[in-house]
Amino acid sequence: MVFGTLDRSASAVELDASVPVYQRVGGVSGNLSAIGSDTLNNLMTLWAEGFGERYPNVNIQIEGKGSATAPPALISGTAQLGPMSRAMKQEELDAFERRFGYRPTAIRVAVDALAIFAHRHNPLEGLTLAEVDGIFSTTRRLGAREDIRDWGQLGLPLWAGRRISLYGRNSASGTYGYFKQYALGKGDFKDNVKEQPGSSAVVQGVSSEEFAMGYAGVGYLTSGVRYVPLGQGGGQYFMPTYENCVSGRYPMSRFLLIYVNKPPGRGLNKLALEFLKFVLSADGQRMVLKDGYYPLPGQVIEEMRRGLTR
């Protein structure tokens, strides 16, 4: 039996019919740099390739080493786009405002769910957030009754005595920060969590160990792993489907973001503006589906597009 699989094909989720098709304009050329999230790295590459097909005289450089690298890149001017898988922290916003006198603009670009991954042969039915906290943290701020280190503690008697091998992201990652906040209640990670430089490395590690578990963005599902459904308690567990993320039933969903330096009352420069309009189009949102994430609802697209020019 296969547990916790999810259809990641484009046919599983339909784009909102109100999302506009991108219309090419004249006079777009130059260089654009994006520095930030590893989670968004593949998607940024798809967008850059699609945008480049429409504008051959545009060169887009992408560096994805973690969300924490985006704010300093925007502040220093070494990047015009700051992809992040979490919202900026207060100290990051304050540093930007000290430099420019106003806050950066956050553009929502896709819907993501942070998933717990287990080996594809793992029979676990689901986990509560309290259990996730008990597995990954030393502080257990979400109410776990015990320190969970053995698969037998999760109701798998045939795996009793088997230690849970843990994989996660490094501290530069927005995924690390999001997981720490929402799955650990801002508590502390266990020392035995094997920190990886990218989400694909987390999933690869879990797929190579039958008794492993890790966390990463929902878009990193491979044939070697499965999602573990999550719940708040009461015996109900939910898969990270689009419907469950939008409705709030799945407890770890989020918006993926691109931050930009946009002075109040002024539009972005033409190159950055057209790139983001492409991202916020039916063309760009199909690429979101292609990369395994979820497209934005039409209402959010409309709101974000308005914010680019005012």
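**Strands, cores and hollows in a predicted model**

Modeller: In this predicted model, alanine 113 has serine 253 of β12 standing opposite.

Biologist: What makes β4 and β12 count as paired, and in which sense do they run?

Modeller: Two strands are said to pair when at least two bridges are found between them, and β4 and β12 have eight bridges, in the antiparallel sense, so they are called paired. Strand β3, which covers residues 82-84, also pairs with β12 in the antiparallel sense, over three bridges, and there methionine 84 has leucine 257 in β12 as its bridge partner.

Biologist: How do you know whether strand β12 is largely enclosed or largely open?

Modeller: A residue is called buried when its relative accessible area is under 20%, and in β12, which spans residues 253-260, six of the eight residues are buried, so the strand is largely enclosed by the rest of the structure.

Biologist: Which residues touch the most other members of the largest nonpolar core?

Modeller: That core has 90 residues, and Trp47, Ile116, Phe136 and Phe179 are the ones that touch the most other members. Strand β4, residues 105-119, supplies the largest share of this core, namely ten residues. Another core lies apart from the largest one and has nine residues, including Leu74, Leu93, Phe96 and Leu257.

Biologist: Why are the buried residues of α6 said to line one face of the helix?

Modeller: In helix α6, residues 199-208, the buried residues are Ser199, Val202, Val203, Gly205 and Val206. Seen down the axis of α6, these buried residues fall within an arc of 160 degrees, so they line one face of the helix. In general, an α-helix has 3.6 residues a turn, so residues three or four places apart point the same way. On the face of α6 turned away from the buried side are the exposed residues Gln204 and Ser208.

Biologist: Why is glutamate 302 called neither buried nor exposed?

Modeller: Its relative accessible area is 47%, and because buried means under 20% and exposed means over 50%, glutamate 302 falls in between and is called partly exposed. Glutamate 302 is found in helix α10, residues 298-307, and between the C-alpha atoms of glutamate 302 and tyrosine 102 there are 24 Å in space, with their positions 200 residues apart in sequence.

Biologist: What lines the largest pocket, and which residues are closest to its centre?

Modeller: The largest pocket holds about 450 Å³ of space, and of the 21 residues that line it, Arg86, Ala87, Gly177, Tyr178 and Gln181 are the closest to the centre. The elements giving two or more residues to this lining are α5 (174-182) and β12, with α5 giving the most, six residues. The lining of the largest pocket divides into nine nonpolar, six polar and six charged residues.

Biologist: How many cavities of 30 Å³ or more are there, by this rule?

Modeller: The count comes to two, and the second largest cavity, at about 40 Å³, is lined by Ile135, Ile148, Arg149, Arg163, Ile164, Leu166, Lys190 and Asn192.

Biologist: How do the residues of that lining divide into nonpolar, polar and charged?

Modeller: The lining of the second largest cavity has four nonpolar residues, one polar and three charged; Asn192 is one of the lining residues, and because it is not on the nonpolar or charged lists, it counts as polar.

Methods:
Residues are numbered from 1 along each chain as its sequence is written. This is a predicted model: local features need pLDDT of at least 70, side-chain atom pairs count only at pLDDT 80 or more; totals for chains, interfaces and linings use all residues. Side-chain values use heavy atoms; hydrogens and water are left out. A nonpolar core is a set of buried Ala, Val, Leu, Ile, Met, Phe, Trp, Tyr and Cys residues joined through side-chain atoms within 4.5 Å. Buried means under 20% relative accessible area, exposed over 50%, partly exposed in between (1.4 Å probe, protein chains only). Helices (H or I, at least four residues) and strands (E, at least two) are DSSP runs, numbered from the N terminus. On a 1 Å grid over the protein atoms alone, a cavity is a set of points where a 1.4 Å probe fits but cannot get out, and a pocket is an open set with protein on both sides within 12 Å along at least five of seven lines; lining residues have an atom within 4 Å of a point. Grid points are joined across faces, edges and corners, and a volume is the space filled by probe spheres set on the points. The arc is that of the directions from the helix axis to the C-beta atoms.
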